[in-house]
Amino acid sequence: QVQLVESGGGLVQAGGSLRLSCAASGRSFSNSAMGWFRQAPGKEREFVAGIRWSGGTTRYADSVKGRFTISRDNAKNTVYLQMNGLKPEDTAVYYCACDPTNSFLGYHYWGQGTQVTVSL
């Protein structure tokens, strides 16, 4: 069992930056991939970024490549999403997720989400 708690969301102007954090607890965080997803109003939840347990492999949605960076600190059981060059279309609820299979295919645990709003 894994519990995930996101923080760091808020209101920012276009072009600004935010750093999201996701604190994890529970044994399954070990050897797990972690990911960030987002869901905008009226849209389906979409993948944003993922990172394997070792931190050596990352994946990004095309829409955020070059602007967002995912990282993790396994000693602190925390994963981060640094978001730069934010655009209004990045506005969404951002969710942290844990994949105990470490494959990017088995996200099983989810946080409650944190709101990110980007204004013009």
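Colleague: Let's start with Cys22 and Cys96: are they buried or exposed?

Modeller: Both Cys22 and Cys96 are buried. Keep in mind that this is a predicted model.

Colleague: How do you know that a disulfide joins Cys22 to Cys96?

Modeller: Look at the sulfur atoms: the S to S distance for Cys22 and Cys96 is 2.1 Å. The cut-off is 2.5 Å, so the pair counts as a disulfide. A disulfide is a covalent bond between the sulfur atoms of two cysteines. A search of the whole structure turns up 1 disulfide. This pair ties together distant parts of the chain, with Cys22 in strand 3 (residues 18–25) and Cys96 in strand 9, 74 residues apart.

Colleague: And what makes the disulfide of Cys22 and Cys96 left-handed?

Modeller: The torsion about its S-S bond is about -80 degrees, so the disulfide is called left-handed.

Colleague: Why is Cys98 not bonded to the closest cysteine sulfur?

Modeller: That closest cysteine sulfur is in Cys96, but the distance is 7.7 Å. A disulfide needs sulfurs within 2.5 Å, so Cys98 is too far away for a bond.

Colleague: What makes Cys98 count as buried?

Modeller: Its relative accessible area is 0%. Buried means under 20%, so Cys98 qualifies.

Colleague: On to the rings. Why is the pair of Tyr107 and Trp110 called tilted?

Modeller: There are 4 aromatic pairs in the structure. In the one between Tyr107 and Trp110, the ring centres are 6.5 Å apart and the planes stand at 50 degrees. Stacked would need planes under 30 degrees apart and edge-to-face over 60, so 50 degrees makes this pair tilted. Ring pairs also link Phe37, Phe47, Tyr107 and Trp110 into a cluster.

Colleague: How do you know whether Tyr107 is buried or exposed?

Modeller: Tyr107 has a relative accessible area of 15%, and buried means under 20%, so Tyr107 is buried. Trp110 comes out at 33%. That value lies between the 20% and 50% limits, so Trp110 is partly exposed.

Colleague: What sits over the ring of Trp110?

Modeller: The charged end of Arg45, 4.7 Å from the ring centre. Arg19 does something similar, lying over the face of Tyr80 at 4.0 Å from the ring centre. The distance limit is 6 Å.

Colleague: Where does Tyr80 fit among the strands?

Modeller: Tyr80 is in strand 8, and Ser21 stands opposite. Strand 3 and strand 8 run antiparallel and are joined by 6 bridges. At least two bridges are needed, so the two strands count as paired.

Colleague: What is the strand order in this open sheet?

Modeller: The order is 1-3-8-7, with antiparallel pairing throughout its 4 strands. Strand 1 (3–7) and strand 7 each have a single partner strand, so both are edge strands, with one side left without a neighbour in the sheet. Direction ignored, neighbouring strands are turned by 15 degrees against each other on average.

Colleague: What is notable about phi of Asn77?

Modeller: Phi of Asn77 is near 50 degrees, a positive value in a residue other than glycine. Asn77 is in the loop between strand 7 (68–73) and strand 8 (78–83). With a relative accessible area of 26%, Asn77 is partly exposed.

Colleague: Last topic. How do you know that Arg38 forms a salt bridge with Asp90?

Modeller: Their closest N and O atoms are 2.9 Å apart. The limit is 4 Å, so Arg38 and Asp90 make a salt bridge. Here too, distant parts of the chain are linked: Arg38 is in strand 4 (residues 33–39) and Asp90 in the loop between strand 8 and strand 9, 52 residues apart. Both Arg38 and Asp90 are buried.

Colleague: What else meets Asp90 in a salt bridge?

Modeller: Arg67, at 2.8 Å from N to O. Arg67 is buried as well. Salt bridges link Arg38, Glu46, Arg67 and Asp90 into a network. The structure holds 4 salt bridges, and one of them joins Asp62 to Lys65 at 3.1 Å. Those two residues, Asp62 and Lys65, are both exposed.

Methods. Residues are numbered from 1 along each chain as its sequence is written. This is a predicted model: local features need pLDDT of at least 70, side-chain atom pairs count only at pLDDT 80 or more; totals for chains, interfaces and linings use all residues. Side-chain values use heavy atoms; hydrogens and water are left out. Rings of Phe, Tyr and Trp (its six-membered ring) pair if their centres lie within 6.5 Å; planes under 30 degrees apart count as stacked, over 60 as edge-to-face and the rest as tilted. Buried means under 20% relative accessible area, exposed over 50%, partly exposed in between (1.4 Å probe, protein chains only). A charge sits over a ring if NZ of Lys or CZ of Arg is within 6 Å of the ring centre and within 35 degrees of the ring normal. Axes are lines fitted to C-alpha atoms, for helices over the stretch in contact, and angles run from 0 to 180 degrees between N-to-C directions. A salt bridge is a side-chain nitrogen of Lys or Arg within 4 Å of a carboxyl oxygen of Asp or Glu.
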